[in-house]
Amino acid sequence: MKPIKGLPLELAEKMELPRELLPGTAGISIIGGRQACVEGHRGILEYSEERIVLALRKGRIIINGSSLKIEAMNAGELLLAGRIESVEWQ
Amino acid sequence: MKKQAGINPYAMAAVEAFGAYPESLVNAATAEGIELKKIQRINTNTLGFEAYERELDKLKHLAAQCSVELKIIKYQDRQRRMIKNRFILLPLVFSLLLCLLLSSLFIWQIDIRGAQRLSHGEIMRALEDSGLDVGCFWPGLEADEIRSRVMLKVPEIGWMTVNISGSRAVVVVQERQEKPEIYDESKAADLVAGKTGLVRRVSVLSGNTLVEPGQAVAAGEMLASGRLISIMGAERTVRARGTVMADTWYEIDSVCPEEMELKEYSGFTRHRFALIFGKRRINLYISSGKAIDECDKIIDEYTLGLEGHFALPLRFVHERIVSYDHSTGRGFDSETMAAQLRRMLDEQVEGQILQSAFTEASADGLYVLTLRAHCVENIAETRELEG
């Protein structure tokens, strides 16, 4: 099935469509509070060891913690490591 | 992208981006498809990260667009390092090969083959006295000279040869065969019984037959005489020859104490290691004295090298010291004793064993195993006449 662009997330949820059909949807996976993988970001807005702010297609994501560092980054994905205390969606 | 000869295409470089907003370079780079790793904040205006060397040109162009200064800190070209290390390794490899070549000019292992009655120690001592020893320079040796000297020192050797292959010397030995007894045909002799038996068949080729089938003879009794008396009364002597087949009986005992002290291994094992370089031994342990009173020492030696081709002057020694306790128990194996008795019987009988049987008995703390056998064999022996 080809990915569907422009489909609102709420509609996709109501239709119970799989996430893979909605490219560009931001998501974050946190492993053990020490590692996080962010998908669908649009770049770094702010970067420090205590706070990382990433731009999303709609809004932004704020990760608070300590000793935060970005291990790898490419156009759509970002892997960060450190002590993650909180994640905020705005 | 400018390719540089010998540069790994996956080599990374550590760079620093300095500017009012260095994150803009990171964002622009990732938007262009450039992968960045280990992005870290160095200070308020500086971000450090790693990028592929092949994308540095593109990064420089983007840095200029983002008004960020890009500085290359370090090239992490592993292949360059590998090439450099290779030049360091080459002399080491060359030295190793040279040492190997030089070591092959010396004998580090001596194998002795073909010796059955002679001990290897005796032959090795003779070889050492003749100049062939572990650690000797073999191009200076003469195989013929060594052979002559060893055969003079050890008369039991009938023939030998020394083959040198690399650092191995193979000594092949052929022991001298015992000369069979040659008797003088012209000397007169009688035939006497070598064993006590009941005569079954007499076949005398020359001489005067004195026994007949069915007659019992004792050991030493004359069976055929070498003195012949002619019709005219004159006596002449001949060498009596022939065979006298007789029934003989054997009884052989084997005695063993029923209870004896046995070794019972306690399971405690101590390991010690050593290295032998040439003739010099280097112990890899502190105390060389035997710490345990009652123990067995088992020594395994391993020679470094290629089996059958060359040996290095280094041997690894593994000693196992296994302690044991004394216990009392049955110390004999009746099957082993029976096999031993059977072997003794086979050595004594010069014919055929018709019947054999074992009997066991115990008396006064002793176990007695007896083999009784009924055989048929040639009991005739030659005894030369005196005078």
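Here is a quick briefing on chain A and how it meets chain B.

This is a predicted model, where local features need pLDDT of at least 70, side-chain atom pairs count only at pLDDT 80 or more, and totals for chains, interfaces and linings use all residues. Residues are numbered from 1 along each chain as written, chains are lettered from A in the order written, and side-chain values use heavy atoms, leaving out hydrogens and water.

**Chain A by itself**
- Chain A has one helix and six strands, taking DSSP runs of H or I with at least four residues as helices and of E with at least two as strands.
- The order along the sequence is α-β-β-β-β-β-β.
- Of its 90 residues, 34% are buried, meaning under 20% relative accessible area with a 1.4 Å probe, protein chains only.
- About 5400 Å² of chain A is exposed, with carbon and sulfur atoms supplying 51% (Shrake-Rupley method, 1.4 Å probe).

**Where A meets B**
- Twelve residues of chain A are in contact with 14 of chain B, contact being heavy atoms within 4.5 Å.
- The two chains bury about 1100 Å² between them, 54% of it on carbon and sulfur atoms; that is the accessible area (1.4 Å probe) lost on being put together, summed over both.
- On the chain A side, Ile44(A), Tyr47(A) and Met73(A) lose the most area to chain B, together 50% of what that side buries.
- Strand E3 (41-47) and strand E5 (60-73) of chain A each give at least two residues to the side touching chain B.
- The rule finds zero salt bridges across this interface (a Lys or Arg side-chain nitrogen within 4 Å of an Asp or Glu carboxyl oxygen).

Methods
Buried means under 20% relative accessible area, exposed over 50%, partly exposed in between (1.4 Å probe, protein chains only).
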